[in-house]
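Please work through the exercises below with the sequence and the model open beside you, and try each task before reading its solution.

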Amino acid sequence: MKITAVTVEVTSEPKAHPVRDAIQLLDRNGVTRVRIDTDEGVSGVSTTYFGRVESSPDVLAKIVTDQLAPAIIGEDPALIRGIRQQLQTLTDYQGTAGLSSYGISAIDQALWDLLGKSLGVPVWKLLGTQRTAIPSYAMVGWLELDVAGLERVSAQAMEQGFRGVKMKVGGGPLTEDVQRIKAVRNVIGPDAPLMVDANQAFGYAEALRRGRVYEELDCRWFEEPLPAGDTDDHVRLAEKLDIPIATGENRYGQAAFRDLIARGGVGVVQPDLRRAGGLTDCLEIGLMAAGFGIPYASHGGGAHIHVLAALPNTIYVESGLLPAGVQLVDGCYPLPTGPGLSSWDG
C-alpha cells in the first residue's frame, strides 16, 4: 500500500461562547482536516483545532500541502515512525517545534487512522491496550464565568457523571481564586477531584505563593503554573509544594519532556496531541513518564483516548461537557469501537 494523495480542508468561525483563561481569550473555532489516500482505496483523516485568528487554519494547511505532503507521496503509510523522522528532518531548518509540529501531528494522526481502517480495528487495539474505559474530568471552569456561572457548569458536569472538574485560576488576585475554588468545592462535594490551571500565568515566587494556598484548599493538581519551557523553576517549585505540578501541553516533542521528567519537575504529565507530535510521540512520552512512576493525563480528549487506553500510567482524559449522544459509565469514557480513530459513540 502506498500514499497517493494528501488533501486539506479548513474551516474558521467565531465561537458561540468565547472562553478565557489567565493569558488569552479563545474566541474562534478553527479546524484543519487532513486526509491521506492510498492506492488500495483506504484513507485516513485527522482533525486539528487551530483557531486563534481567522487565517490560522489556512497557515497550517499551507505547511501541510506545500511542504509535508509532497515528501510522503509514494511512502508506505504503515511506516509511521519512519515518516515522522523524515518530516522532522525536513522541518529542522525552520524549527520542528512550533507550527511544523502541528502539521506533523496532523499527518501522524491521519496515518494511525488509516492503519486502523486498513485492518478494521480501532487504533487503541494496535497500541497494546491497558484498559477499556478512561476516567474523565470536565474542564468547565473558564474565567469569563462569574461565580454563579461557575457553580452552574460545575453542577452540570457532576450531573453528567464526571469524576471531577477543572477550573482556571490566575485571572485576578489570589482572593478571587479562593472565592471561586470554594464555590466549586461546595458544588462538587468534598471528595471529588478539583484541579486548578493557571495557563503559565505566574513567575516562580507567585506560583509558590498561590500553590501553597491551592494545597490548603485540597486541589488535586496545579496545572501550568509557570512558562512551559522553564524546567529549572518547575523543579524548584515541585520541591517546595506537595500539590502535584501538572504540565506539558505547551512542550513540543518527547525531547522537551526528558529533563522535566528525569529531574522531578512534573507530577502529572500532560502532552497535547498537536504540539507533542501526534499519537506516536504522546505514546512514547507516556511510556517515558511511566518509567519514572509519573501519571499521565491528556490535554484534551478526542483521538488522545487511544493513547490513554494503552498507557499503564493513565489517570484521566480531559473533556468539556458531554455532547448529545455520549454517556459516561461510572465516570469513564468507554473506548470507541469503530475502526481507526473513530468517535466515542463508535
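The exercises that follow concern a predicted model, and each task is followed by a solution in steps.

**Exercise 1. The open sheet**

Determine in what order the strands of the open sheet are arranged, and which strands lie at its edges.

Solution. Step one is the order: 3 strands form this open sheet, arranged E1-E2-E3 with antiparallel pairing. Step two concerns the edges, which are strand E1 (3–20) and strand E3 (43–49), since each of these pairs on one side only. Step three is the twist, for neighbouring strands of this sheet are turned against each other by 15° on average when direction is ignored.

**Exercise 2. Bridges and the helix across the sheet**

Find how many bridges join E1 to E2 and how many join E2 to E3, and then identify the helix that lies across these strands.

Solution. Begin with E1 and E2, which run antiparallel and are joined by 13 bridges; a hairpin of 4 residues leads from E1 to E2. As an example to locate in the model, Val10 has Thr32 in E2 as its bridge partner. Continue with strand E2 (residues 25–38) and E3, which also run antiparallel and are joined by 7 bridges, and here Val34 has its bridge partner Ser46 in E3. As background, strands of a sheet pair through backbone hydrogen bonds, in either a parallel or an antiparallel manner. Finally, helix H3 (residues 99–119) lies across E1, E2 and E3, and runs at about 145° to E3.

**Exercise 3. Aromatic pairs**

Classify the ring pair of Tyr137 and Trp221 and the ring pair of Phe202 and Phe222, and state where in the chain the partners lie.

Solution. A pair of aromatic rings is described by the distance of the centres and the angle of the planes. The structure has 6 aromatic pairs. One of them is formed by Tyr137 and Trp221, whose centres are 5.6 Å apart and whose planes make an angle of 80°, so with the cut-off for edge-to-face at over 60 degrees this pair is edge-to-face. Tyr137 lies in strand E4 (residues 133–141), whereas Trp221 lies in the loop between helix H6 (204–216) and strand E7 (222–223), so the pair ties together parts of the chain that are 84 residues apart in sequence. Both Tyr137 and Trp221 are buried.

For Phe202 and Phe222, the ring centres are 6.4 Å apart and the planes stand at 55°, so this pair is tilted. The pair links distant parts of the chain, with Phe202 in the loop between strand E6 (194–197) and H6 and Phe222 in strand E7, 20 residues apart. Phe202 is buried with a relative accessible area of 6%, and Phe222 is buried with a relative accessible area of 0%. To finish, note that ring pairs link Tyr137, Trp221 and Tyr316 into a cluster.

**Exercise 4. The surroundings of Tyr204**

Establish which residue places its charged end over the ring of Tyr204, and which residues Asp233 contacts beyond its sequence neighbours.

Solution. The charged end of Arg236 sits over the Tyr204 ring, 3.7 Å from the ring centre. Asp233 lies in helix H7 (residues 231–240) and, once neighbours within four places in sequence are left aside, is in contact with Tyr204 and Leu226. Its relative accessibility is 15%, so Asp233 counts as buried, the limit being under 20%.

**Exercise 5. Glu223 and its contacts**

Decide whether Glu223 is buried or exposed, and list the residues that Glu223 touches.

Solution. Glu223 is placed in strand E7, and at 0% relative accessibility Glu223 counts as buried. Not counting residues up to four places away in sequence, Glu223 touches Tyr137, Lys166, Val196, Asp197, Ala198, Asn199, Ala246, Glu249 and Gln270. Gln130, by comparison, is 93 residues from Glu223 in sequence and 26 Å away in space, C-alpha to C-alpha.

**Exercise 6. Cysteines and a helix residue**

State how many disulfides the structure holds, and assess the burial of Cys219, Cys282 and Gln85.

Solution. The structure holds 0 disulfides. Cys219 is buried with a relative accessible area of 7%, and Cys282 is buried with a relative accessible area of 0%. Gln85, which lies in helix H2 (residues 80–90), has a relative accessible area of 46% and is therefore partly exposed. The C-alpha atoms of Gln85 and Lys240 are separated by 38 Å, and the two residues are 155 residues apart along the chain.

Technical notes:
Residues are numbered from 1 along each chain as its sequence is written. This is a predicted model: local features need pLDDT of at least 70, side-chain atom pairs count only at pLDDT 80 or more; totals for chains, interfaces and linings use all residues. Side-chain values use heavy atoms; hydrogens and water are left out. A disulfide is a pair of cysteine sulfur atoms within 2.5 Å. Buried means under 20% relative accessible area, exposed over 50%, partly exposed in between (1.4 Å probe, protein chains only). Helices (H or I, at least four residues) and strands (E, at least two) are DSSP runs, numbered from the N terminus. Rings of Phe, Tyr and Trp (its six-membered ring) pair if their centres lie within 6.5 Å; planes under 30 degrees apart count as stacked, over 60 as edge-to-face and the rest as tilted. A charge sits over a ring if NZ of Lys or CZ of Arg is within 6 Å of the ring centre and within 35 degrees of the ring normal. Contact means heavy atoms within 4.5 Å. Two strands pair if DSSP finds at least two bridges between them. Axes are lines fitted to C-alpha atoms, for helices over the stretch in contact, and angles run from 0 to 180 degrees between N-to-C directions.
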